[in-house]
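I opened the model to look up how its strands are ordered and how its helices pack, and I kept these notes as I went.

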Amino acid sequence: MLAVETKGLVKVYGGKRRVEALRGVDLEVPTGVVYGLFGPNGAGKSTLLSILIGLVLPTRGEARVLGLDAVRESLEVRRRVGVLPEGFGFYEHLTGLENLVYLGMLDGMDRGEAVEKAREVLEEVGLADAGDKPVKGYSRGMRQRLGVAQAVMKDPDLVLLDEPTQGIDPEGVAWFKEYVSGLRRRGKTVVISTHLLEEVGSLCSHAALIYQGRILVQGEFSSVAGRVAEESPYRSVVVFPNAALAESALRALTGRGVEAVVRGERLYLPLEPGEAVEALKKAGVEAPSATRFPADWADVFFHYVTRARRGGE
Ligand SMILES: Nc1ncnc2c1ncn2[C@@H]1O[C@H](COP(=O)(O)OP(=O)(O)O)[C@@H](O)[C@H]1O
Ligand SMILES: [Mg+2]
């Protein structure tokens, strides 16, 4: 069974300014993976996640979550799915523990059970000591941990996290990655929306690229990468220490019959990795090493976004 499945999902926000936030989304999230929902601001990520938990009604289409209908069975979905919504807030004057207990009781736990569970998850996210202090004294990093703690309070099989590392320092991001890996090891399905490529690359085995309300590509990295390799003229990518070095490598290749391109610190070549290093050497460029294209999600998304833009979308 898929953890999440949507078919032809459309969302048009009404009002004065009509916004087509989703334009026919078919999403398939397998069970037990860390899944990235990647896209720029305004792509429709939060709208999609909100529909999955019944907060927003779709204009058309279907969404199933853990086998349940997201619209007709939304209460059951919310009982079984842990969520960290965008811009999630707490009761500032209450302690971290009190916030969790309150949310646990809203989800149907009795007080004793909620306190026990809250202490357990506070420990798990490294807030055991801070749990008895008011949230108004918490740093951003602590708030993030508390947000994650409330999402896992009910021991959900599926966890949906909307931009979970927004505004978090590197230490907090590192903690978060470690924590999510732990969830996956315990067999949970985790869906993370983000506009940060690095996050998809370092956390997700599967991902969907969402762009202007449409999914341009989705699936496991290896299978998506195979398709990109077939469609693209590029065979290898060389990552330079910085963009200036990549640019000068490109200039050195000029007039040598190699149709390469540069994006940031990456040089893309229509040659196999071994041939690419050879060609660069002949042009007088000390190439670190060449990797098969596409090397990672950044290359995959670059390929599809470029194509979508060319298609006038
Ligand atoms: N409640 C709303 N009413 C009207 N338009 C909205 C609403 N929520 C989001 N939108 C619009 O829908 C589009 C998708 O937004 P959103 O789902 O928040 O994208 P993302 O989370 O990827 O940034 C944007 O153009 C946004 O302005
Ligand atoms: Mg959003």
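I looked first at an open sheet of four strands, which has the order 13-14-12-15 with antiparallel pairing; strands pair if DSSP finds at least two bridges between them, and helices (H or I, at least four residues) and strands (E, at least two) are DSSP runs numbered from the N terminus. Strand 13 (261–263) and strand 15 (290–292) are at the edges with a single partner strand each, so one side of each has no neighbour in the sheet. I noted an average twist of 30° from one strand to the next.

The model is predicted: local features need pLDDT of at least 70, side-chain atom pairs count only at pLDDT 80 or more, and totals for chains, interfaces and linings use all residues. Residues are numbered from 1 along each chain as its sequence is written, while chains are lettered from A and ligands numbered from 1 in the order in which they are written.

I then followed strand 12 (residues 236–239), which four bridges join to the antiparallel strand 14 (residues 266–269), and there I found serine 236 opposite leucine 269.

Turning to the helices, I found helix 3 (residues 96–106) packed against helix 5 (residues 140–152) at about 25°, with axes 10 Å apart; axes are lines fitted to C-alpha atoms, for helices over the stretch in contact, and angles run from 0 to 180 degrees between N-to-C directions. Helix 3 is therefore roughly parallel to helix 5 (angles under 35 degrees count as such).

Technical notes: Parallel < 35°, antiparallel > 145°, perpendicular 65-115°, else oblique.
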